[in-house]
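Reader: Hello! I am new to this structure and would love a close look at a single part of it. Could you walk me through the largest pocket?

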Amino acid sequence: MLQCCTVCENLTSGIISCRNGIPVILALMLCSDNQKMMSLLKSRFFVIATIGIIVAFVVQKSHRSGHTIPEVFGNVSPGFEDVLKVFRENYEHGWDKAEAGSAFSVYHKGEKVVDIWAGYADYEAEVLWKEDTMSILLSTTKGLSALCILVLADRGLIDFKETVAYYWPEFAQKGKEKITVEMLLEHEAGLAVISEELTFDLLRDRHAMDRVLAATEPLWEPGTTHGYHVISFGFYVDALVRRVDPRGRTVGQFFAQEIAEPFGIDAFIGTPLDVSHRVARLVLVRGSLTDITYYLWTSHLFRALIYGFPLGRCKTFTDVIKNCGEVCKMHQQEDPELRKLEFPSGNGIGSARAIAKLYGILANGGKLGNKTLLSPEFIDELAHDKRGQTGDFVFFNLPFRWKYGIEVIPQPNEDNNIFGASGVGGQIGYADKGRQIGYGFVTRFLSPVGLQLYDPRIQRLKESVLQALRTSRGKQ
């Protein structure tokens, strides 16, 4: 969830901090319609940013020490001790913040091999992160929602090549008649901005929501490109699930009854009141000058977003966030009554252990014991989609690819993709079918460089897991 804010006109101050606590990179984006600001940035931005990178080179080594390191809890299997070391180093180097908190879990060949956590679930209340702490998953929720559609397709209840209007006749208006289920799930439908601003009243009234979704006009010709449906994706998925599920359940109900409960996955789409006390409180830790210059030097994502801003690559994203209205204001997510509403693009909750277990099942053939979550044929499609990543129309032209609503990320010099879902700030859930690994990372620190595998925390943790496996094979 994101919260809009006004950014200082002084560029340097705007990069370092902003009012009301939004991540700095998004704060810059949200004022892109301010012509005075844009003129100022275009004339001064590149000089300032280039100086920032030079300064980053000088300060980067100093950033790698001196941070408070919280106690790390949990356990790792023999051979994975360096994963715990890297998890601790993420705090030492400042990628994670001691006043925040995070957890990382890994399943390999169906067995839990890493399950560690540190920091606070609520720093102000002095509540430590515990074994059963859960986090708001943000866009990692989309993976849970998409999996519901995959399960329904596996049961023959929905066809990805069929039009959405076949299942939902009211959808066939304003140029959407030929949009297929596959186009919608792969963010190619052009429906990133819906026809009315979101409110909690709209979330409570699914019939009203369906009318708004059906009345939305595509921003581009459907099927010609992909543009991340940041907010709208989950609502369209929910509308389809309710129409093709024989019991007419919502996506949250379907996930709970068909996936979470039978497979022991401690995750939800919409937070039940009786587990609300376990949810970590999201925090936006302001970056220091040292943080920002270090990000500029070390993060490709951060540089891409900062340099992309004055080039006008973020207007559509700005429209998407404005369209989210009160639903995306972070303080609203602290209200249990609002958090229990289903927002299938962004308010799922879960533990790192739950997410790793879920994707571990998929990475290990889709079965747990005698129960099948998803057929190997669908898993193979996710693992072997060869289309490659291309620039996204909404998300700053960064390279993405989805298959049936699941992110697929090609791996260099490998036959398999990893697949799953990521959330802004650092939440991830991924499956590596080739190595039979499921990853889960959740955090309450919404890092300005936290996204997908661009996040240095995830890069380092993933590499430490792979190194552990390489070392293990070398000893056999």
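Author: Gladly; here is the largest pocket, followed by a word on confidence. This is a predicted model, in which local features need pLDDT of at least 70, side-chain atom pairs count only at pLDDT 80 or more, and totals for chains, interfaces and linings use all residues. Residues are numbered from 1 along each chain as its sequence is written, and side-chain values use heavy atoms, with hydrogens and water left out.

The largest pocket has a volume of about 400 Å³. A pocket here is an open set of points on a 1 Å grid over the protein atoms alone, where a 1.4 Å probe fits, with protein on both sides within 12 Å along at least five of seven lines. The volume is the space filled by probe spheres set on the points, which are joined across faces, edges and corners.

Lining residues, those with an atom within 4 Å of a point, number 21 in this pocket, and Q467, A468, L469, T471 and S472 lie nearest its centre. Two elements give two or more residues to this lining: α4 (81-92) and α18 (456-475). Helices are DSSP runs (H or I, at least four residues), numbered from the N terminus. The largest share, nine residues, comes from α18.

By class, the lining has five nonpolar, nine polar and seven charged residues. Ala, Val, Leu, Ile, Met, Phe, Trp, Tyr, Cys and Pro count as nonpolar, Asp, Glu, Lys and Arg as charged, and the others, Gly among them, as polar.

As for confidence, the chain's mean pLDDT (the predictor's confidence in each residue, from 0 to 100) is 84, and 79% of its residues reach 70 or more.
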